[in-house]
Amino acid sequence: RGMSAALLPLVVAVLGVVASFSIPEPCDVETAYHCARVVPDPIRDTGRTLQLDTLPHSYVDLADPTYLQYSYIRAFASVVDAVRAPGEALSALHLGGGGLTFPRYLAETRPGADSLVLEIDGGVIDLDVAELGLRLGRGIQVDVQDARVGLAAQPARRRDVVVGDAFGGLAVPWHLTTRETVADIRRVLRPDGLYMVNVIDYPPLSFARAKVATVAALFRHVAVVARPSVLDGQDGGNLVIVGSNRPLPTDAIGAQLQSRAPELDLIFREGQITSFAGGARVLTDDFAPVDQLVTPFAKRS
């Protein structure tokens with residue numbers, strides 16, 4: 001019954017070695033929601049990655065706000081820079097903050113741009129200021145609150161762009177995915193406004209297809225940007241879904257993507273969007289099983 005006294009010291013020593021390899025590095029900050037760390041880029045001296053729990057969430061270049069490491073951020077920039085004239089100021093609402101990479105890009109490339117970021121985790125914003133060089137008040141304001149609550153308080157027809165980039169782990173919080181939320185986003189957008197949302201999904205892309213169906217239920221013109229293997233349903237990763245009630249300049253978007261993110265492709269024709277959605281059910285406040293729709297990845301990993 002149990003371990004002998006002679007073996008016990010050896011077992012304890014082995015367990016100690018195992019523990020030394022399995023304990024993660026400590027957090028820079030324990031926020032109300034995350035174990036948050038800022039990780040220096042070993043290749044780019046001024047590059048920093050914001051890691052929340054075990055996942056990288058944002059990449060920031062401390063010296064160059066126009067440097068965009070992640071493909072989905074380059075997709076955001078490509079769409080906005082195709083839709084709006086270079087340097088034209090705009091008013092943007094961001095649902096989710098992270099490292100505020102895209103608000104910084106807008107502030108740098110579009111003098112006079114006005115970005116309001118709705119971020120639920122004030123500890124992340126504090127870390128952005130302390131270690132990621134965030135300076136508020138220069139075209140960027142932050143409200144620390146739930147994005148859905150903050151969205152409901154926004155005046156109608158105020159924003160040119162609404163950007164969705166909020167995550168809890170791999171999944172977008174369910175209450176930010178629904179038809180009711182997208183209707184509120186459409187309400188705060190000007191008639192020619194633009195909605196962009198970053199999602200992560202894996203084959204069979206059940207969540208991404210449902211999100212596309214949901215955006216298409218509220219906006220007349222929809223596009224999806226992702227790697228071709230993701231669009232084909234063969235692989236997983238980030239997808240940027242775009243909605244507007246004004247026709248999208250798809251040739252210009254394609255040219256921007258070819259210049260700054262050639263690994264990405266664009267689908268936008270009505271038949272393509274309908275085929276991609278594949279008859280998926282629109283997400284609503286009464287039906288938004290986001291975690292369950294993304295779980296096929298978890299089951300395979």
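Two strands count as paired here if DSSP finds at least two bridges between them. Keep that in mind as you open this predicted model.

**Stop one: the sheet.** Select the strands and trace the open sheet of 8, with mixed pairing, in the order E7-E6-E5-E8-E9-E11-E10-E12. At its edges you will find E7 (140-144) and E12, each of which pairs on one side only. Looking across the sheet, neighbouring strands are turned against each other by 20° on average, ignoring direction.

**Stop two: a strand pair.** Now pick E10 together with E11 (residues 237-244): the two are antiparallel and share 5 bridges. Strands of a sheet pair through backbone hydrogen bonds, either parallel or antiparallel. For one bridge to zoom in on, select His221, whose partner in E11 is Ser244.

**Stop three: helix H3.** Next, highlight residues 101-109. This helix, H3, lies across E5 (91-95), E6 (114-119), E7, E8 (159-164) and E9 (189-201). Relative to E5, H3 runs at about 170°.

**Stop four: helix H9.** Finish at residues 250-260, where Thr250, Ile253 and Leu257 of H9 are buried. These three are on the same side of H9, because they cover an arc of only 60° around the axis. An α-helix has 3.6 residues a turn, so residues three or four places apart point the same way. What covers the buried residues of H9? Show helix H2 (71-83), strand E10 (221-226) and strand E12 (265-267), which are among the elements that do so. Then rotate to the other side of H9, where Asp251, Gln258 and Ser259 are exposed.

Note on methods. Residues are numbered from 1 along each chain as its sequence is written. This is a predicted model: local features need pLDDT of at least 70, side-chain atom pairs count only at pLDDT 80 or more; totals for chains, interfaces and linings use all residues. Side-chain values use heavy atoms; hydrogens and water are left out. Buried means under 20% relative accessible area, exposed over 50%, partly exposed in between (1.4 Å probe, protein chains only). Helices (H or I, at least four residues) and strands (E, at least two) are DSSP runs, numbered from the N terminus. The arc is that of the directions from the helix axis to the C-beta atoms. Contact means heavy atoms within 4.5 Å. Axes are lines fitted to C-alpha atoms, for helices over the stretch in contact, and angles run from 0 to 180 degrees between N-to-C directions.
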